[in-house]
2 protein chains.
Amino acid sequence: MVHVYNTKVTWQGERRGFLQCGNGHQTAFAATPEFKGDVGKLSPEDAFIASLNMGFMVTFLAFAEKRRIPLKAYEADANGILGRKKGNECIIRVIIHPKVSVQRGTSLDVVEEVLETSRKHAILLNSIDSTLVVEHKVEFVD
Amino acid sequence: MVHVYNTKVTWQGERRGFLQCGNGHQTAFAATPEFKGDVGKLSPEDAFIASLNMGFMVTFLAFAEKRRIPLKAYEADANGILGRKKGNECIIRVIIHPKVSVQRGTSLDVVEEVLETSRKHAILLNSIDSTLVVEHKVEFVD
C-alpha cells in the first residue's frame, strides 16, 4: 500500500504558525515555551509523540478487531525524552503506556499477542530512530 | 538540555480517540479513511508529518533570528510517503518544501546556510528513520 500524507505550515509571526493537514484537521501551533513559544498550543514535539501514541492505538484497534477482542476501554500515556545522540539533540526514547480494559474472561495471551503484533506493525513506530518501549497494563472488567 | 514531552490518548469508540498534549493542546483524532477512520480529523500519519514540518519551521525561525534575517514570510508543504522497508510498512520518505520570503538585499548565502543549519539541528528531523529531503525556495520581496 502506498499513500502520501500532506501537511502545510504557514508562519504567523514570532514562533507561531498555522497547520493544515491533508485529512482536514487545522490548528494554530507554536514552539514550546522553552523554545520561546506558547503554552496551550500544539507544539512540534507534542505532535511527534502524539503521532506515535495515536498510531499505536489505531493499530491496536485494527488487530484487536481482527482477533475479536471485546475491548471495553483503551487509554495510553506516552512520553518522549529529548536528549543527545551522535552529537545531535533528538528524541532519544519514547515510552508508550497503553492501559487496555477487556471483558472478563478474555484470554490475556491473546491481548498480549495483539499488543506485540501492534508494536511490530505500527507504521509510525517503524518510522523513528528513537528507542521505543511499550509497557502495557491489561485490566479485566465486567 | 533534557525535556520530557507527554501526551495522552483515550479511545472513544470505533477508530476514534481524544488527544491531550502536555503543552495544553487537545483535539479529537481518528484513523485515516483508508484505515476505517474519518475525514476531517487529526490522524496519526498527518500528525507525524506535521510534527516534522512544524519542527523544521520553528528551528529555522530560531536560527534566522540569530542571524538577523529579515524574514517576511515562511510556508512549507511537507509530504510523507508510506512504503515498505525491511518487510515493515513505514514512512519511507519525508520531503519538506520550505518557501522563504526575505527582504530584498538579504544575502542568499546566509539564508541557505540557515536552512542547512536548520536541517542539521532540527530535533525531530534527527529523530526519524525515514529518508528526509528539504527542497527550499527563497524569494526576495520589498
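Helices (H or I, at least four residues) and strands (E, at least two) are taken as DSSP runs and numbered from the N terminus. With that in hand, let us explore this predicted model through a few exercises.

**Exercise 1. Describe the build of chain A: how many helices and strands are there, and in what order do the elements run?**

Solution.
- Step 1: Count the elements. Chain A has 2 helices and 7 strands.
- Step 2: Read them from the N terminus on, which gives β-β-β-α-β-β-α-β-β.
- Step 3: Add the dimensions. The C-alpha trace of chain A spans about 55 × 35 × 30 Å along its principal axes.

**Exercise 2. Work out by what turn and shift chain A can be laid on chain B.**

Solution.
- Step 1: Recall the general idea. Two copies of a chain are related by a rotation about an axis and a shift along it.
- Step 2: Find the values here. A turn of 180 degrees with a shift of 0.0 Å along the axis lays chain A on chain B, with an RMSD of 0.0 Å.
- Step 3: Draw the conclusion. The two copies are therefore related as by a two-fold rotation axis.
- Step 4: Compare the contact surfaces. Both copies use the same surface, since 100% of the contact residues of chain A recur in chain B.
- Step 5: Look for the residue of chain A that comes closest to the rotation axis. That is A:Ile128, whose C-alpha lies at 2.0 Å.

**Exercise 3. Describe the contact between the chains: how many residues does each supply, and what is the buried area?**

Solution.
- Step 1: Count the residues. Chain A gives 77 residues and chain B gives 77 residues.
- Step 2: Turn to area. About 7000 Å² is buried between chain A and chain B, and carbon and sulfur atoms give 61% of that.
- Step 3: Find the main contributors in chain A. A:Tyr5, A:Trp11 and A:Asn23 lose the most area to chain B, together 13% of what that side buries.

**Exercise 4. Sort the polar links across the interface and say which elements of chain A take part.**

Solution.
- Step 1: Begin with polar contacts. There are 32 residue pairs in polar contact across the interface of chain A and chain B, both residues at pLDDT 80 or more.
- Step 2: Assign the touching side of chain A to its elements. Several supply at least two residues each, among them strand S1 (3–11), helix H1 (44–66) and strand S4 (71–85).
- Step 3: Pick out the largest share. H1(A) provides 16 residues of the side that touches chain B.
- Step 4: Classify that side of chain A. Its residues divide into 36 nonpolar, 24 polar and 17 charged.
- Step 5: Count the salt bridges. Over all chains the structure holds 18, and 6 are between chain A and chain B.
- Step 6: Look at two examples. A:Arg15 pairs with B:Glu65, their closest N and O atoms being 3.0 Å apart. A:Lys8 and B:Glu75 also meet in a salt bridge, at 3.7 Å from N to O. B:Glu75 lies in strand S4 of chain B and A:Lys8 in strand S1 of chain A, so this pair joins two chains.

**Exercise 5. Trace the strand pairing of S1(A) with chain B, then that of S1(B) with S2(B).**

Solution.
- Step 1: Follow S1(A). This strand runs antiparallel to S4(B), joined by 8 bridges, and A:Val4 stands opposite B:Ile81.
- Step 2: Take the other pairing between the chains. S4(A) and S1(B) are antiparallel and joined by 8 bridges, with A:Asn79 opposite B:Asn6.
- Step 3: Stay within chain B. S1(B) pairs with S2(B) in the antiparallel sense over 5 bridges, and B:Trp11 stands opposite B:Gly17.
- Step 4: Examine the link. S1(B) and S2(B) form a hairpin with 4 residues between them, and B:Gly13 in the turn has a positive phi of about 95 degrees.

Definitions and conventions. Residues are numbered from 1 along each chain as its sequence is written. Chains are lettered from A and ligands numbered from 1 in the order in which they are written. This is a predicted model: local features need pLDDT of at least 70, side-chain atom pairs count only at pLDDT 80 or more; totals for chains, interfaces and linings use all residues. Side-chain values use heavy atoms; hydrogens and water are left out. Copies are superposed by least squares on the C-alpha atoms of residues with pLDDT of at least 70 in both. Contact means heavy atoms within 4.5 Å. Buried area is the accessible area (1.4 Å probe) that two parts lose on being put together, summed over both. A salt bridge is a side-chain nitrogen of Lys or Arg within 4 Å of a carboxyl oxygen of Asp or Glu. A polar contact is a pair of N or O atoms within 3.5 Å; within protein, one must be able to donate a hydrogen and the other to accept it, and residues adjacent in sequence count only if both atoms are side-chain atoms. Ala, Val, Leu, Ile, Met, Phe, Trp, Tyr, Cys and Pro count as nonpolar, Asp, Glu, Lys and Arg as charged, and the others, Gly among them, as polar. Two strands pair if DSSP finds at least two bridges between them.
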